[in-house]
Amino acid sequence: MSTVLAYLEDTYKFIDKAHVEYIANDERGYYCVLDSTVFYPQGGGQPSDVGTIEAKGVHLTINFVSFVDGVARHYGDFLSVSLEKGEQVTLYVDEARRIQNAKAHTAGHLMYTIVESLDKNLIAVKGYHFPDGSYVEFQGSPSFENMETFIAEINTEISEALNEATSIEASLIMPEELAARWSNIPSNLPPGKPLRVVTIGNLHPTPCGGTHLKSVQELKSVVVTKAKRQKGNLKISYKFE
């Protein structure tokens, strides 16, 4: 079986029902596998959701969620209550943390799509969209000569985007359609399968399985703070509110 990822449908859905598949444990501890989840599992440069699962009137704290072989593992004290396959539980995602993580992820997407649009020699290959120390790494040889001038140009474009009523859309498209809309796409995308892409305003779509805001207007600011070469890549750091 694989877990239905209900958070993909709505970042702002914090409560949902699900059914128990099984309880197991690994090196991190005991975890519960459900048939569906609104908890985002850590991955893609984004931290996991936390919160609680209510089962038999008991609220069990969920302190971490991982995604392994198509299954979401919800880690918590599952020895304190006996759960059986098919039993219905209620999931409560920590709303404040979810929104903060979505802000970090959206800010990173806004920044790196602007960077790729300004310099098509750069392709984003790694993101760290945690609230502290956020950055994106790019492959390629930059076409600009002065780093400070380029950073200023990025921040100007970001500021203009934040001042507009720029919506954020998530949709499923085929790889061929993505390639037609943007040339610099990752080479490791699965062929022949629909891709979930996120599009911010008029910027190019990018493949993404994370949580995002509805509009960039939910961000007070996004600022590139520095850029430096690191292990052959260009690492661009940013802050957001």
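1. Confidence by element: helix 3 (residues 175-181) has the lowest mean pLDDT among the elements of the protein, at 81, and strand 9 has the highest, at 98. Here pLDDT is the predictor's confidence in each residue, on a scale from 0 to 100. For the whole protein the mean pLDDT is 92, and 97% of the residues reach 70 or more. Where pLDDT is low, the predicted coordinates should not be read in detail.

2. Ground rules: this is a predicted model, in which local features need pLDDT of at least 70 and side-chain atom pairs count only at pLDDT 80 or more, while totals for chains, interfaces and linings use all residues. Residues are numbered from 1 along each chain as its sequence is written, and side-chain values use heavy atoms, with hydrogens and water left out. Helices (H or I, at least four residues) and strands (E, at least two) are DSSP runs, numbered from the N terminus.

3. The open sheet: how are the strands ordered in the open sheet of 4 strands? The order is 10-11-16-15, with antiparallel pairing; two strands pair if DSSP finds at least two bridges between them. Strand 10 (123-128) and strand 15 (222-230) stand at the edges with a single partner strand each, so one side of each has no neighbour in the sheet. From one strand to the next, the twist averages 25°. Angles are taken between N-to-C directions, from 0 to 180 degrees, using axes that are lines fitted to C-alpha atoms (for helices, over the stretch in contact).

4. A pairing to look at: strand 15 and strand 16 (residues 233-240) run antiparallel to each other and pair over 8 bridges. If you want one residue pair to find on screen, A227 has I236, in strand 16, as its bridge partner.

5. Helices on the sheet: helix 1 (residues 95-118) packs on the sheet and touches strand 10, strand 11 (135-139), strand 15 and strand 16, with its direction at about 135° to that of strand 16. Helix 2 (residues 147-162) also packs on the sheet, touching strand 15 and strand 16, and its direction makes about 150° with that of strand 15. Contact means heavy atoms within 4.5 Å.

6. A residue inside helix 1: is T113 buried or exposed? T113, found in helix 1, is buried, with a relative accessible area of 2%. Buried means under 20% relative accessible area, exposed over 50%, and partly exposed in between (1.4 Å probe, protein chains only). Leaving aside neighbours within four places in sequence, T113 is in contact with L203, H204 and T206.

7. Salt bridges: the count is 6, where a salt bridge is a side-chain nitrogen of Lys or Arg within 4 Å of a carboxyl oxygen of Asp or Glu. One of them joins D26 and R73, with the closest N and O atoms 2.8 Å apart. That pair links distant parts of the chain, strand 2 (residues 15-26) and strand 8 (residues 71-75), 47 residues apart. Both D26 and R73 are buried.

8. Two further salt bridges: E87 pairs with K56, with the closest N and O atoms 3.9 Å apart. E87 lies in the loop between strand 8 and strand 9 (88-93) and K56 in the loop between strand 5 (51-55) and strand 6 (58-62), so the pair ties together parts 31 residues apart in sequence. K56 is exposed, at 52% relative accessible area. D16 and K13 also meet in a salt bridge (3.5 Å, N to O); D16 is buried at 17%, whereas K13 is partly exposed at 29%.

9. Cysteines: the count of disulfides (pairs of cysteine sulfur atoms within 2.5 Å) is 0. C32 is buried, with a relative accessible area of 0%, and C208 is buried too, at 10%.
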